[in-house]
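Work through the exercises below with the structure open beside you. Try each task before you read its solution.

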Amino acid sequence: MADFSFFSVDYPSFSSGCQLVRIKRDASFFLDQTADDLNVRAILLEKQVIPHIAPLDSPTVDSICKAVGGQSATRFTIILPSGKVIGDSQETPRLMDNHAKRPEIAPDSEEMAGLAEALNQMASQLDYRIKTIINQRNELETVLSSMIEGVVAIDNKERIISMNQAASELFECDPDIGQGQDIGEVVRNLPLQQFIRKAISAREPGEDDIVLYQKGERTLNLKSSPLLDAGREHIGTLVIINDVARLRRLENMRKDFVANVSHEIKTPLTAIKGFVETLHQGNVESPDETDRFLGIVNKHVDRLVSIIEDLLSLSRIEQEDEDNAIQLEIGNIKDVFQSAFQICRSKAEEKNIDVRFDSDQNITVNFEPTFLEQAVVNLLENAIKYSDPDSIINVNASQDDFEVIIRVKDQGSGIAQKHLPRLFERFYRVDKARSRKLGGTGLGLAIVKHIAQAHGGHVAVESDLGKGSTFSIYLPKP
């Protein structure tokens, strides 16, 4: 910026023949023209003078003023901020007094300085507020984009004000493109539109579940609250969206578990109570009949004990897994097979079933011996239980670059495909009557699944009706 603060420019006198104030409109027009002309002359001089201001070359500045002033018949005066004259087209600057206190420079300069200071303060405050708003907006956007819940703001006309990334992914749309559009155009789901319409009209918090058919079936939990502006005026509604499909599935599984465990325990207890009351009342006269009743009672007691033991075992496995209390040690899979076979040997011999083991001597894995043995025993007992007499069961272990796989394959009747996804759930049975008749508790496969998970692995099943089943345990390699 130039180091001088003021150009003084005088236009030459007009001839007496000019009638400047005859018509007011003409005078105003002429004055405007004069002001524009003076401004142009000052700008032209400024371009020549500025190079000699820093560093200051007063003689050159003065000579320029005199040269240009003589050519344009205009008086130029160049004054420093201190009021010192450094150039004048008519006078010698060093002989001129200080102009700082002259009215045309000082009652305007003070006013302009005050105005400039006020404007600078306003600009600084405005800049601070803009930066604050930008920071707050960025913080809000960061929070919204980090949320796993979908957030959608909708105005009173059901148009999208904004939505976060989670909501756009749920609805499979671009959040920027969706902004300003009707929610019904972005998400074609009637229950969602009805929920939003109700939330806007009710102007109070609401909650509901809807089903969204995008990327499969999803259950969404919607929560709404009134959207207010700075003046507390109602401008729409804010909707928070959670994908609760897994939660609802777990809730249903819990309900099924409670119902199943109640049924599994109530059935033998009812039978026990009935036979005990009959014996207590002395309605059985034959000793053989008494022995038969007692045998049935004993059978149901054994069944209750098995259910309770399996439940306790399952609870212990889950608890130790959550607490990371399972102590793993490296060992050979073949040793697990031998122990499991000794436990199941008598049951296999009763049905003349040939259990064939195939395992590489060098296959090792990190495992808890008791748990892994129980998992193999459960699979082997199931295979024996549901296989025909004189059949073959193959138990083998193999490995790839990442996992050790234990497989138990039988030649039983197989399982329909519709049952496979739920086969490892607690108390889930393909054939309930047959399972209870064979003494199953409905918890064996659930125990196998949790043991595999406690070892950092997983389970799988393959089966075809009439062709048998293959149950597999996948464990990470050491």
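**Exercise 1. Place aspartate 390 and describe its backbone.**

Step 1. Aspartate 390 sits in the loop between α11 and β12 (392–399). Helices (H or I, at least four residues) and strands (E, at least two) are DSSP runs, numbered from the N terminus.

Step 2. The phi of aspartate 390 is near 65°, a positive value in a residue other than glycine. Most residues other than glycine have a negative phi, and most peptide bonds are trans.

Step 3. Is aspartate 390 buried or exposed? Buried means under 20% relative accessible area, exposed over 50%, and partly exposed in between (1.4 Å probe, protein chains only). Aspartate 390 has 56% relative accessibility, so it counts as exposed.

Before going on, note the ground rules. This is a predicted model: local features need pLDDT of at least 70, side-chain atom pairs count only at pLDDT 80 or more, and totals for chains, interfaces and linings use all residues. Residues are numbered from 1 along each chain as its sequence is written, and side-chain values use heavy atoms, with hydrogens and water left out.

**Exercise 2. Find another positive phi, then a cis peptide bond.**

Step 1. Look at alanine 73, in the loop between α2 and β2 (75–79). Its phi is near 55°, a positive value in a residue other than glycine.

Step 2. Check the exposure of alanine 73. With 48% relative accessibility, alanine 73 counts as partly exposed.

Step 3. Now go to proline 55, in the loop between α1 (24–49) and α2 (58–72). A cis peptide bond joins alanine 54 to proline 55, with omega about 0°.

**Exercise 3. Describe two residues of helix α11.**

Step 1. Proline 369 lies in helix α11 (residues 369–385). Its relative accessibility is 29%, so proline 369 counts as partly exposed.

Step 2. Which distance separates proline 369 from glutamate 329 in space? From C-alpha to C-alpha it is 8.0 Å, while the two are 40 residues apart in sequence.

Step 3. Asparagine 378 also lies in helix α11. At 13% relative accessibility, asparagine 378 counts as buried.

Step 4. List the contacts of asparagine 378, where contact means heavy atoms within 4.5 Å. Neighbours within four places in sequence aside, asparagine 378 touches Gly444, Ile447 and Val448.

**Exercise 4. Explore the nonpolar cores.**

Step 1. Start with the term. A nonpolar core is a set of buried Ala, Val, Leu, Ile, Met, Phe, Trp, Tyr and Cys residues joined through side-chain atoms within 4.5 Å.

Step 2. The largest nonpolar core has 48 residues. Ile333, Ile393, Ile406, Leu423, Phe471 and Ile473 touch the most other members. Helix α11 gives the most to this core, with 9 residues.

Step 3. A second, separate core has 21 residues, including Val187, Ile196, Ile200 and Leu212.

**Exercise 5. Analyse an aromatic pair.**

Step 1. How many aromatic pairs does the structure hold? There are 4. Rings of Phe, Tyr and Trp (its six-membered ring) pair if their centres lie within 6.5 Å; planes under 30 degrees apart count as stacked, over 60 as edge-to-face and the rest as tilted.

Step 2. Phenylalanine 424 and phenylalanine 471 form an edge-to-face pair, 6.1 Å centre to centre with 80° between the planes.

Step 3. Phenylalanine 424 lies in the loop between β13 (403–409) and α12 (432–437), and phenylalanine 471 in strand β15 (residues 468–476), so the pair ties together parts that are 47 residues apart in sequence. Both phenylalanine 424 and phenylalanine 471 are buried.

Definitions and conventions. Contact means heavy atoms within 4.5 Å.
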